[in-house]
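Colleague: Please take me through the aromatic contacts of this model, with the criteria behind each term.

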Amino acid sequence: ENSSFGTPPDQRHTTERCRSLSRLSLTNLPVAPAVDPRSLSVGVVHLGLGAFHRAHQAVVTERAAVATGSTRWGIAGVSQRSTTVRDQLAPQDGLYSVLERGLGDPSIQVIGSIREVLTAPEDPDAVVARIADPAVSVVTLTVTEKGYRAAGSGLDLNDPEIQADLTGRPPRTVVGQLAAGLARRDEPLTIVSCDNLVANGPFLRRLVTEYFDALGKVPSAFETTRFPASMVDRIVPATTDADRDEAARLLSVRDEAVVVAEPFLQWIIEDDFAGARPAWEQGGAVLTADVAPWEQAKLRMLNATHSMLAYLGALRGYETIAETVRDEELEGLARQLMTDDVVPTLSPPDGLDLAAYGESVLERFANPALKHRTRQVAMDGSVKLPVRMLGTVRDRLAAGAEPRTISLAVAAWMVYVLQTPDLDDPQSDRLKTAVAATSNPTQLVDALLAVDSIFTPDLRDSTLFRELLINHATALTN
Ligand code: NAI
Ligand code: CS2
């Protein structure tokens, strides 16, 4: 039967050969998935076949398939990274396992909801064809905050990759792929961003709209396309070789595509779909009319605190978030950030006890089994800060309050930028150039406040915010 997983022609023989290797595959599974991917047809396209998707949406989709018996919602996963497909998923028939690490012994489960894997750089036409496929009614995305190629709240039309897609080449950007797929569709489509962004659905709609405006034509399918917002939550650290070794011990076969996750999983989705979708609510998701209160609480309580701990922890030489939150002073600052600066800006959803939520966040961060590296959480600060921290700064200033602890979080990022030679950030060149000539905390703060792709004029011109940043940066560099 056709069990190919979208491997490029030159890789097809590899898939066959790997069946005989001691690799996870349908022919020698010691731990069978709850769903056999060969029984599924493709109904969902996922862009960004990274660790988080495999531990979150793909798990909820499989649970929904088990609950409903539906075989319609197989996932065609797309990765920008060829290695994910070529070296990990394609040789394993799209199978992989989730290694769950909580307080007790680890558990492992093979997941069978990925029906096909595609590499965007090698196979752009196949990606577009799948998005255009009438059998596909939902596209989900976890392409990282930088993957949207935005500038502020809009599409970065100066981005060379966006410009190249606009010339009509087989698209390599996410927005270009979505636009090309929509241009070839008649049926309604729902596009669900699952990235840590504010109002991720409307944000992505705006990017696609601006892409079509630049193209000078809007396909009819776009008029019926829906972009619901969603809030996603599960801590999924990048997989290490030690994780793969542990998975091999637990599975008794090698799984190159294993992902590690905490037991906690939450997915709140705006109930705004153009057509059919997987019964995700039967897999643990919650469909709601308004995601915003959930999203704001999560981005500002969990993600901002995560980032502050990552920067302060890294500056103290801590390797992991768990080590960092064991530092009583830093744990206290994390609690202070949430209590003093974030909670006053929130309009929590009914029933969410913010104090209890804050404590649960710190407990999750303290999970030593996850080994979530401060460096991983610290990456991409230029796109994470506006989403996680600066709204809180803006709201506290507008309320006439002193954003003391959230300013410490921003100052910690500034000092991290200064003190990290190999800064992992889409704007690393610009940031390192900006700080290179600085010789004191005041110059450091002014140099980074001047980066207009991060700090808007209202924040740059705030005397109070600048003063707080300089005081914190001075303390952090002494
Ligand atoms: P990852 O690095 O494992 O995967 C990132 C995926 O995005 C890869 O498939 C990569 O090919 C793709 N990608 C990266 N840059 C791209 C670009 N410019 N264009 C198209 N695709 C691009 O990261 P992971 O852990 O899967 O996280 C991805 C996103 O999921 C995060 O940035 C965040 O928005 C969201 N998320 C992650 C959580 C986690 O704990 N890892 C938890 C909650 C949300
Ligand atoms: C983390 C998030 O890496 C990061 O930036 O803050 O990926 C975090 O693990 C998730 O949002 C938790 O749901």
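**Aromatic pairs and charges over rings**

Modeller: Tyr311 is buried, as its relative accessible area is 0% and the term requires under 20% (exposed is over 50%, partly exposed in between; 1.4 Å probe, protein chains only). The model is predicted: local features need pLDDT of at least 70, side-chain atom pairs count only at pLDDT 80 or more, and totals for chains, interfaces and linings use all residues. Residues are numbered from 1 along each chain as its sequence is written, chains are lettered from A and ligands numbered from 1 in the order in which they are written, and side-chain values use heavy atoms, with hydrogens and water left out.

Colleague: What makes Tyr416 count as buried?

Modeller: Its relative accessibility is 6%, which is under the 20% limit, so Tyr416 is buried.

Colleague: Why is the pair of Trp267 and Trp280 called tilted?

Modeller: Rings of Phe, Tyr and Trp (its six-membered ring) pair if their centres lie within 6.5 Å; planes under 30 degrees apart are stacked, over 60 edge-to-face, and the rest tilted. Here the centres are 4.6 Å apart and the planes at 45 degrees, so the pair is tilted. Both Trp267 and Trp280 are buried.

Colleague: How do you know that Arg205 sits over the ring of Phe222?

Modeller: A charge sits over a ring if NZ of Lys or CZ of Arg is within 6 Å of the ring centre and within 35 degrees of the ring normal. The charged end of Arg205 is 5.8 Å from the centre of the Phe222 ring and is assigned as sitting over it. Phe222 also belongs to a cluster with Phe212 and Phe227, linked by ring pairs.
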